[in-house]
Every structure is written in structure tokens, then in C-alpha cells.
Amino acid sequence: MTVLEGTRVRLRPLVPADYPSVFAWYNDPETIAPFDRFSVDTFDEFSQAVTAAAEDPASLAPRFAVERKDEGRVVGAVGHYRAHPVLEYTDVWYVLGDRAARGQGLGRESVRLLIDHLFATSAVERVGATCDTENVASYRLVEGLGFRHEGTLRSALFHHGRWHDVRVYGVTRAEWAAKAPRG
Ligand SMILES: CC(C)(COP(=O)(O)OP(=O)(O)OC[C@H]1O[C@@H](n2cnc3c(N)ncnc32)[C@H](O)[C@@H]1OP(=O)(O)O)[C@@H](O)C(=O)NCCC(=O)NCCS
């Protein structure tokens, strides 16, 4: 079992006891719906998707639970997926479903651990993130890790009744190693 130890958070694979709380975040429009395209209608579908994710690089299912080390509680989840059918990069996504855990640097620490893990265990040369232009916390999180804003896709994401622009961010393996970003 892969466990990624940080200072304040630990990333570990989800276990069935985590599923109800994490699944609940997918039904909370404020928490995840605007920013994530992973749609699961039922708890059974969710459970199956989490279990099957290990065999599917394109899966949008959560791959690690984010556990606060001080409280021993799961407050979030992170994932990664092959985002394009042809281009060879991996995008990361991240959510702190527990709103009380936000704004303390736990999200950035979680994503840093995830990216260290991706570069250490896969051959990927670029890790990306796509952030709704209105999701300031999301894009500032990756900017603080040294990601570059590579461009903006116009009208690329539909939610809340209208189209939204999306910022494309990326960091290369060489940049990650050179900057040794810490946040
Ligand atoms: C995005 C998210 C994971 C950020 O986690 P977090 O732990 O609160 O973020 P951090 O404390 O690590 O802060 C990261 C940066 O965002 C900024 N930030 C955090 N919350 C913010 C907010 N509400 N508004 C504006 N900026 C914010 C922080 O100041 C920091 O930037 P800085 O270092 O330049 O000052 C969290 O807000 C969340 O779960 N949002 C809902 C799900 C989502 O949108 N996920 C991203 C889609 S992939």
C-alpha cells in the first residue's frame, strides 16, 4: 500500500470506510461539481470506480484520501488522470471536501506529495492542472508549486448554466527537480 507522508497530511489509498464521506462530496454542487467531470450516480458506481482506478490511467476516480495527521481524519481526496487521448501528460485534481480544512496550506501540501509521487513512480515528463478561471484557490495552489500558466481555453467547461474559461497549467519534470518546490 502506497502511503505518502507529509508534514501535516498523509495521502493513502481509500478504504471502503472512506467511501460514504468522499461520495457525499460528489453530491455537493459547491464542493466539486463545477470543477470536476467525474460523474457517478450511485454509491455502487462510486465504489466500483475507486476499485478499478488502479488499472485505468484515465480514471477520474479519487486515488488517495487526504488525512489530517493531527486529527486522523479524512478531509479530502486527490487524483490524477491521463487527460488527453494522444498527448502524453498527466493532470492532477484535488479537493478538500471538509471546508474547515481549507485555507491552511493542506491542499498545496497534498498536491506537492502527489506530484513528487508521480514523477518518482512514472515516466511522465509533464504534470498539468486545469482550473476554472474563477477558481482562484485552485490556480493559486498550483502557481505556488511552480506550475506555469500555459494558456487559457475559452468556453471549455459548462456548469451553473453557462460556459467557463479554463486556465491550463503545467510543470515539467526538469522544472520540478530544479525548483524543488515546497509549499
Ligand atoms: C482548491 C482547494 C483544494 C485549495 O485547498 P486549500 O488547502 O484551501 O488551499 P491552500 O491553503 O493550500 O492555498 C493555496 C493557495 O490558494 C489561495 N486560496 C485558498 N483559498 C482561497 C480562496 N477561497 N480564495 C482565493 N484564494 C484562496 C491561498 O492563499 C494560496 O495561495 P497563495 O499561497 O498564493 O496565497 C480547495 O479550495 C477546494 O477543495 N476547493 C473545492 C474543489 C476544487 O475546486 N478543486 C480544484 C479543482 S481541480
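Which residues have the most contacts inside the largest nonpolar core? In this predicted model, they are Val-66, Val-78, Val-92, Val-111, Leu-114 and Val-142, and the core has 32 residues. The elements that contribute two or more residues to this core are E2, E3, E4, E5, H3, E6, H4 and strand E8 (162-172). Helix H3 gives the most, with five residues.

**The sheet**

Let us walk through the strands next. Eight of them form an open sheet with mixed pairing, in the order E1-E2-E3-E4-E5-E6-E8-E7. Strand E1 (4-5) and strand E7 (148-159) stand at the edges with a single partner strand each, so one side of each has no neighbour in the sheet.

The table gathers four of the strand pairs, each with a residue pair that stands opposite across it.

| Strand pair | Sense | Bridges | Opposite residues |
|---|---|---|---|
| E2 (residues 9-12) and E3 (residues 64-68) | antiparallel | four | Leu-11 and Val-66 |
| E4 (residues 73-82) and E5 (residues 90-95) | antiparallel | six | Gly-79 and Trp-93 |
| E5 and E6 (residues 126-132) | parallel | two | Asp-91 and Gly-128 |
| E7 and E8 | antiparallel | eight | Leu-153 and Val-166 |

Strands E5 and E7 make a nice contrast in burial. Strand E5 is mostly covered, as five of its six residues are buried. Strand E7 is hardly covered, and the count of buried residues among its twelve residues is zero. E7 and E8 form a hairpin with two residues between the strands, and there His-160 takes a positive phi near 50°.

**Helix H3 and its crossover**

Strand E5 also belongs to a right-handed β-α-β unit, which it makes with helix H3 (residues 106-121) and strand E6. How far apart are the end C-alpha atoms of H3? They are 23 Å apart, which agrees with the 22 Å that its 16 residues should span at 1.5 Å a residue.

The buried residues of H3 are Leu-106, Gly-107, Arg-108, Glu-109, Ser-110, Val-111, Arg-112, Leu-113, Leu-114 and Ile-115. Two of these names, Val-111 and Leu-114, were already met among the residues with the most contacts in the core.

**Around the ligand**

Helix H3 leads on to the ligand. The ligand is surrounded by 21 residues, and the closest are Arg-102, Gly-107, Arg-108, Ala-137 and Arg-140. The elements that give two or more residues to this shell are E5, H3 and helix H4 (136-143). Which of them provides the largest share of the shell? That is H4, with five residues. By character, the shell divides into ten nonpolar, eight polar and three charged residues.

Gly-107 and Arg-108 are thus among the residues closest to the ligand, and both are listed with the buried residues of H3. Elements E5, H3 and H4 serve the ligand shell with two or more residues each, and they also appear in the list of contributors to the core.

**A loop residue, Asp-18**

One last stop is in the loop between E2 and helix H1 (19-26), where Asp-18 has its place. Is Asp-18 buried or partly exposed? Asp-18 is partly exposed, because 17 other C-beta atoms lie within 10 Å, whereas a buried residue needs 20 or more. Asp-18 and Arg-73 are 55 residues apart along the chain, and their C-alpha atoms are separated by 9.8 Å.

Definitions and conventions
Residues are numbered from 1 along each chain as its sequence is written. This is a predicted model: local features need pLDDT of at least 70, side-chain atom pairs count only at pLDDT 80 or more; totals for chains, interfaces and linings use all residues. Two strands pair if DSSP finds at least two bridges between them. A crossover is right-handed if, with the strands pointing away from the viewer, the path from the first strand over the helix to the second runs clockwise. A residue is near a molecule or strand if its C-beta atom, placed from the backbone, lies within 6 Å of it. Ala, Val, Leu, Ile, Met, Phe, Trp, Tyr, Cys and Pro count as nonpolar, Asp, Glu, Lys and Arg as charged, and the others, Gly among them, as polar. The expected span of a helix is 1.5 Å times one less than its number of residues. A nonpolar core is a set of buried Ala, Val, Leu, Ile, Met, Phe, Trp, Tyr and Cys residues joined through C-beta atoms within 7 Å.
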